[in-house]
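Welcome, and please take a moment to turn the structure around before reading on. The report below walks through it one part at a time.

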Amino acid sequence: MSLDPTSRARFNLERAAVMLLDDTPMGMSILVQIVTGLGAKTLYRCTTVEQAQEVATNYELDLAIVDGLAPSGQGYDFVRWMRTEAKEPNCYTPVLITTAHTPASDVARARDCGGHIIIKKPIAPKVMLERILWVAKEGRPFLFSGGYVGPDRRFRNDGPPDGVGRRREDLSAEAAAQAEAESSDVRRAS
C-alpha cells in the first residue's frame with residue numbers, strides 16, 4: 001500500500017489510546033515523535049513487559065506498537081500474552097511489531113505470536129502511517145486455533161496490480177495472445 005500524495009484524505013490518531021513498548025530511550029523517543037506527529041494524544045510508554053501488561057490490564061487500547069526484541073526478546077511473548085490473557089477488547093487490539101533485525105525466523109515469530117504486521121527499523125513516519133492504515137483497512141478476522149490466537153495469518157493474493165503482468169513471461173504470453181487474436185480476426189475478414 002502506498003500513500004497517494006494528491007489524496008485529500010485525512011488521518012488522525014487524536015482519539016486513539018496507543019501503547020508503546022520499547023526498552024531503549026532512542027527507540028521510545030522515535031516512536032513517540034512518530035505517533036504524536038500522527039495526532040495521538042493518549043500514549044502509554046512502557047519500557048518493560050510488566051509495565052505493558054499493567055497498561056493492557058487497566059486501560060482500553062486502540063493500537064499497540066511493540067519492539068519484538070524489547071526487553072531481551074520478550075516483546076513477542078508480550079504479544080502472545082496480550083492475545084491469550086488480556087481481557088476484551090485489548091486481546092483484539094491491532095499490534096504492530098517493530099524490530100531492527102528481520103531474519104525469516106523473526107518474521108515467522110512475529111506472525112505466530114499474533115502480531116498484525118512487522119515493521120523494520122529505522123522507521124519512517126510514512127511507513128508507520130501506511131501500516132496503520134493497512135491494518136485498519138484490511139480488517140482480518142481473528143482466529144482461535146490450537147496454539148494460535150490472533151489475526152488471520154493468510155494474505156489474499158490478488159495477482160499483479162490492475163491485472164497487468166509484471167514478469168517477462170507475462171509480457172510474452174500477453175503478446176502471443178494478442179497475435180493469436182489478430183490472426184483470427186484476419187481469418188474471419190478473408
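## Strand S3 and its neighbours

In this predicted model, S3 and S4 pair in the parallel sense, with four bridges between them. One pairing to look for is valine 66, whose bridge partner in S4 is isoleucine 97. S3 also pairs with S1: four bridges join these two strands, which run parallel. Here leucine 20 stands opposite isoleucine 65 in S3.

Is S3 mostly covered or not? Five of its five residues are buried, so the strand counts as mostly covered under the cut-off of under 20% relative accessible area. In a regular strand the side chains alternate between the two faces of the sheet. In S3, Leu63, Ile65 and Asp67 point one way, while Ala64 and Val66 point the other way, and all are buried.

## The five-stranded sheet

Now let's step back to the whole sheet. Five strands form an open sheet in the order S2-S1-S3-S4-S5, with parallel pairing. The edges are strand S2 (42-46) and S5, each of which pairs on one side only. From one strand to the next, the twist averages 20°.

At the S5 edge, S4 and S5 are joined in the parallel sense over four bridges. Isoleucine 97, the partner of valine 66, also has a bridge partner in S5, namely isoleucine 118. Helix H1 (residues 25-37) lies across strand S1 (17-21), S2 and strand S3 (63-67), and runs at about 170° to S2.

## Helix H4 and its two sides

Next, follow the chain to helix H4 (residues 104-113), where Asp106, Ala110 and Cys113 are buried. Seen down the axis of H4, these buried residues fall within an arc of 75°, so they line one face of the helix. The general background is simple: an α-helix has 3.6 residues a turn, so residues three or four places apart point the same way.

What covers the buried residues of H4? The cover includes helix H3 (75-84), strand S4 (95-99), strand S5 (117-120) and strand S7 (148-151). On the face of H4 turned away from its buried side sit the exposed residues Ala104 and Ser105. Just after H4 comes glycine 114, which takes a positive phi of about 110°.

## The hairpin of S6 and S7

Strand S7, part of the cover over H4, has a partner of its own. Strand S6 (residues 142-145) and S7 run antiparallel and are joined by four bridges. Leucine 143, for example, has glycine 150 in S7 as its bridge partner. S6 and S7 form a hairpin with two residues between them, and glycine 146 in the turn has a positive phi of about 55°.

## A cavity

How many cavities of 30 Å³ or more does a search of the whole structure find? The search finds one. About 40 Å³ of space lies in the largest cavity, which is lined by Arg80, Arg83, Thr84, Cys113, Gly147, Tyr148 and Val149. H3 gives the largest share of this lining, three residues, and H3 and S7 each supply at least two. You have already met Cys113 as one of the buried residues of H4.

## The protein as a whole

Finally, here is the overall picture. The protein has six helices and seven strands, and along the sequence they follow the pattern β-α-β-α-β-α-β-α-β-α-β-β-α. Of the 190 residues, 38% count as buried. Among contacts with a separation of 6 or more, residues 24 or more positions apart account for 62%.

Terms used
Residues numbered from 1 in each chain as written. Predicted model: local features only at pLDDT ≥ 70, side-chain atom pairs only at ≥ 80, totals over all residues. Heavy atoms only, no water. Buried < 20%, exposed > 50% of the residue type's maximum accessible area, 1.4 Å probe, protein only. Arc of directions from axis to C-beta. Contact = heavy atoms within 4.5 Å. Pairing = 2+ DSSP bridges. Axes fitted to C-alpha atoms, helices over the stretch in contact; angles between N-to-C directions. 1 Å grid on protein atoms, 1.4 Å probe; cavity = no way out; pocket = protein on both sides within 12 Å on 5 of 7 lines; lining within 4 Å. Points joined across faces, edges and corners; volume = space filled by probe spheres on them.
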